[in-house]
Amino acid sequence: MSEDSSPIFVELTDEEGNTQTLEYIMSLEIDGQEYRAFFPTEAEGEEDDPDAGLIILKVINEGGEELLSTCDSEEELMRAYDQFALELFEDEEEENP
């Protein structure tokens, strides 16, 4: 994502009706599955929350509708996290040679 582009915010509602606003970072396809990375927007008092890091969700198509879902296993999540980390650090290195 280039520095001059405006951030994209997505509002997600979970199965219990809780809403969270996330900032879209990037998408990757890994082994034929699309994943999207987000950062949570900071709510007051959450700046130091250790769980407020990168959120990775996979894209599933259900009835022609694109939905975001959590990964099925810790292994799947870690594989996606490692790929996003590689891409994000590579982008950072290109910006700061």
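Two strands count as paired when DSSP finds at least two bridges between them. The model described here is a predicted one, and this report follows its strand pairing, its salt bridges and its nonpolar core.

**Strand pairing**

Strand 3 (residues 33-40) has strand 2 (residues 19-30) as an antiparallel partner, the two being joined over 8 bridges. Within this pair, Gln-33 of strand 3 is found opposite Ile-30. The two strands form a hairpin with 2 residues between them. In that turn, Asp-31 has a positive phi of about 50 degrees. Strand 3 also pairs with strand 4 (residues 55-62), again in the antiparallel sense, over 4 bridges. Here Ala-37 has Ile-56 of strand 4 as its bridge partner.

**Salt bridges**

The model contains 6 salt bridges. Three of them are set out below.

| Salt bridge | Closest N to O distance |
|---|---|
| Glu-66 and Arg-36 | 2.9 Å |
| Asp-72 and Lys-58 | 2.7 Å |
| Lys-58 and Glu-76 | 3.6 Å |

Glu-66 and Arg-36 meet through their side chains in a salt bridge. Because Glu-66 belongs to strand 5 (residues 65-69) and Arg-36 to strand 3, this pair ties together parts that are 30 residues apart in sequence. Glu-66 is partly exposed, at 45% relative accessible area, whereas Arg-36 counts as buried at 18%, since the limit for burial is under 20%.

Lys-58 takes part in a salt bridge with Asp-72. Asp-72 sits in the loop between strand 5 and helix 1 (74-95) while Lys-58 is in strand 4, so the contact ties together parts that are 14 residues apart in sequence. Asp-72 is exposed, with a relative accessibility of 64%; Lys-58 is buried, with a value of 8%.

Lys-58 also forms a salt bridge with Glu-76. This pair links distant parts of the chain, with Lys-58 in strand 4 and Glu-76 in helix 1, 18 residues apart. Glu-76 is likewise buried, at 9% relative accessibility. In addition, Asp-31, Glu-75 and Arg-79 are joined into one network by salt bridges that share partners. Asp-31 is the turn residue with the positive phi.

**Nonpolar core**

In soluble globular proteins, nonpolar side chains tend to be buried together. The largest nonpolar core of this model has 10 residues, among them Ile-25, Met-26, Leu-28, Ile-30, Tyr-35, Ala-37, Ile-56 and Phe-84. Strand 2, strand 3 and helix 1 are the elements that give two or more residues to this core. The most comes from strand 2, with 4 residues. Both Ala-37 and Ile-56, the bridge partners named above, are members of the core.

Leaving aside residues up to four places away in sequence, Ile-56 touches Tyr-35, Arg-36, Cys-71, Leu-77, Ala-80, Tyr-81 and Phe-84. Arg-36 is the residue that forms the salt bridge with Glu-66.

**Tyr-35**

Tyr-35 lies in strand 3 and is buried, with a relative accessible area of 3%. With the same sequence neighbours left out, the residues that Tyr-35 touches include Met-26, Leu-28 and Ile-30, as well as Ile-56, Cys-71, Ala-80 and Phe-84. Tyr-35 and Phe-84 are 49 residues apart in sequence, and their C-alpha atoms are 9.2 Å apart in space.

Tyr-35 also touches Lys-58 and Glu-76, the two residues of the 3.6 Å salt bridge. The side chain of Tyr-35 makes a polar contact of 2.7 Å with the side chain of Glu-76.

Technical notes. Residues numbered from 1 in each chain as written. Predicted model: local features only at pLDDT ≥ 70, side-chain atom pairs only at ≥ 80, totals over all residues. Heavy atoms only, no water. Salt bridge = Lys/Arg side-chain N within 4 Å of Asp/Glu carboxyl O. Buried < 20%, exposed > 50% of the residue type's maximum accessible area, 1.4 Å probe, protein only. Core = buried A, V, L, I, M, F, W, Y, C linked by side-chain atoms within 4.5 Å. Contact = heavy atoms within 4.5 Å. Polar contact = N/O pair within 3.5 Å; in protein donor to acceptor, adjacent residues only side chain to side chain.
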